Amino acid sequence: MSFKEKYNMYVDMVNSELKNILPSTHTMSTRVCEAMKYSLMAGGKRIRPVLTLSVCEMFGCDIQKAIPFACAVEFIHVGSLIHDDLPCMDDDDLRRGQPSCHIKYDEATAVLAGDGLFFSAFEILLLAKKFGVNESDMLKACDLLSKMSGIDGMVGGQTMDMFIEQNGADESMVEVMQQRKTAALIQAACCLGGVAAGVNDNYFEILNNYALSLGLAFQVCDDVLDVTGTENILGKPVGSDIEENKVNSVSLLGLEKAKMKAKKYTENAISELNKLPNNQFLMNLTKFLLNRDH
Ligand code: GRG
């Protein structure tokens, strides 16, 4: 199976499970359920759940065990994008080239759709018991996902991003912000695959290091794509981050140095990956993410 076929196979598995677990719309909360579904099914690349499933599989474990974890991570990711687009945050009318959740619905519905996705994520994660994950591993997964999403992870990173926009920052502060805002959930995605597979502490640490470098590379590429892409990752016009005076890798270092930084992080990720078994798919994915065009 080619890399692309395998990637699509993982995406299909995630999408069919997401459809099964989407909240029922036959309730008094129809509008918020529709908004959750709209954003979940709006064409995301599904990188994080693909990481969860492929990590689980590289250790020879049945991927079914990792499906609830993969879906839980995607729920958090999509919820964070909905909140990120709100007028009080990044104020973006477009996401993946389509109206953002608060434009398609309204602001209050978008806040609640994000909240709904965050809480449902943990409900879904706990479905792992039905797929053969034991309770102590589920607790470990729950601990990881909540930490990587909360103050030490995405929420903290987004807060730093807002602070930096007002006060400026140097390279090391931007790196901490990027680790928390973006890499943390990618770390959770990879480590949850490891938890589902029951990996030992040594492999767990390697996975965590791999995912940190991958997540940092991913964010720097995102900053680069804002300038070089035909349409940037948010579906916004090219260069909009720079025009809005965002402090990111490109505004701090310039385009060429930012590209070199993404390459360096990718090399670090690859050197961690070399310590793991059956790494061919993840090797291809790591290189693909460095060279992606959206
Ligand atoms: C409560 C978890 C929680 C979060 C709220 C709003 C917020 C705090 C955090 C925002 C974090 C954020 C938007 C980080 C950007 C990460 C990033 C590069 C997203 C783009 O990811 P892709 O390209 O998206 O994987 P697709 O569209 O493919 O799903």
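Which element gives the most to the lining of the largest cavity? In this predicted model, the answer is helix 4, with 4 residues. The cavity itself has a volume of about 100 Å³, and the structure holds 3 cavities of 30 Å³ or more. Helix 4 spans 67-85, and helix 2 (30-40) joins it as an element that gives two or more residues to the lining of the largest cavity. The wall is made up of Tyr-38, Ser-39, Ala-42, Val-78, Leu-81, Ile-82, Asp-85, Arg-95, Arg-96, Pro-99, Ser-100 and Cys-101. Sorted by character, these come out as 7 nonpolar, 2 polar and 3 charged residues.

Stepping back to the overall fold, the protein has 14 helices and 2 strands. Its C-alpha atoms fill a box of roughly 50 × 50 × 35 Å along the principal axes. The radius of gyration is 18 Å, which agrees with the value near 19 Å that a compact globule of 294 residues would have. Of the 294 residues, 53% count as buried. As for how the chain meets itself, take the contacts between residues at least 6 apart in sequence: 71% of them join residues at least 24 apart.

Then there is the nonpolar interior. In soluble globular proteins, nonpolar side chains tend to be buried together. Here, the largest nonpolar core takes in 77 residues, and those with the most contacts inside it are Leu-51, Leu-53, Phe-69, Leu-145, Tyr-210, Leu-282 and Leu-285. Leu-51 makes a handy example: with neighbours within four places in sequence set aside, Leu-51 is in contact with Ile-186, Ala-189, Cys-190, Tyr-210, Leu-214, Leu-282 and Leu-285. Apart from this core lies another, of 10 residues, with Ala-217, Val-220, Cys-221 and Tyr-265 among them.

The second largest pocket holds about 230 Å³ of space. Residues from both ends of the numbering turn up around this pocket, including Phe-3, Lys-4, Tyr-7 and Asn-8 as well as Arg-292, Asp-293 and His-294. Lys-45, Ile-47, Phe-288, Leu-289 and Asn-291 also belong to the lining. Two elements, helix 1 (3-21) and helix 14 (280-290), give two or more residues each to this pocket. Helix 1 gives the most, with 4 residues. The lining is a mixed bag, with 5 nonpolar, 3 polar and 4 charged residues.

A few single residues round out the picture. Thr-109 sits in helix 6, which covers residues 107-125. With a relative accessible area of 8%, Thr-109 falls under the 20% cut-off and so counts as buried. Leaving out residues up to four places away in sequence, Thr-109 touches Arg-31, Val-32 and Ala-35.

Two loop residues have positive phi angles. Arg-46, not a glycine, has a phi of about 65 degrees and belongs to the loop between helix 2 and helix 3 (47-58). Arg-46 is buried, at a relative accessible area of 4%. Asn-278 is likewise a residue other than glycine, and its phi is near 45 degrees. Asn-278 is found in the loop between helix 13 (255-273) and helix 14. Unlike Arg-46, which is buried, Asn-278 is exposed, with a relative accessible area of 61%.

Note on methods:
Residues are numbered from 1 along each chain as its sequence is written. This is a predicted model: local features need pLDDT of at least 70, side-chain atom pairs count only at pLDDT 80 or more; totals for chains, interfaces and linings use all residues. Side-chain values use heavy atoms; hydrogens and water are left out. A nonpolar core is a set of buried Ala, Val, Leu, Ile, Met, Phe, Trp, Tyr and Cys residues joined through side-chain atoms within 4.5 Å. Buried means under 20% relative accessible area, exposed over 50%, partly exposed in between (1.4 Å probe, protein chains only). Contact means heavy atoms within 4.5 Å. On a 1 Å grid over the protein atoms alone, a cavity is a set of points where a 1.4 Å probe fits but cannot get out, and a pocket is an open set with protein on both sides within 12 Å along at least five of seven lines; lining residues have an atom within 4 Å of a point. Grid points are joined across faces, edges and corners, and a volume is the space filled by probe spheres set on the points. Ala, Val, Leu, Ile, Met, Phe, Trp, Tyr, Cys and Pro count as nonpolar, Asp, Glu, Lys and Arg as charged, and the others, Gly among them, as polar. The radius of gyration is taken over C-alpha atoms; the globule rule is 2.2 Å times the number of residues to the power 0.38.
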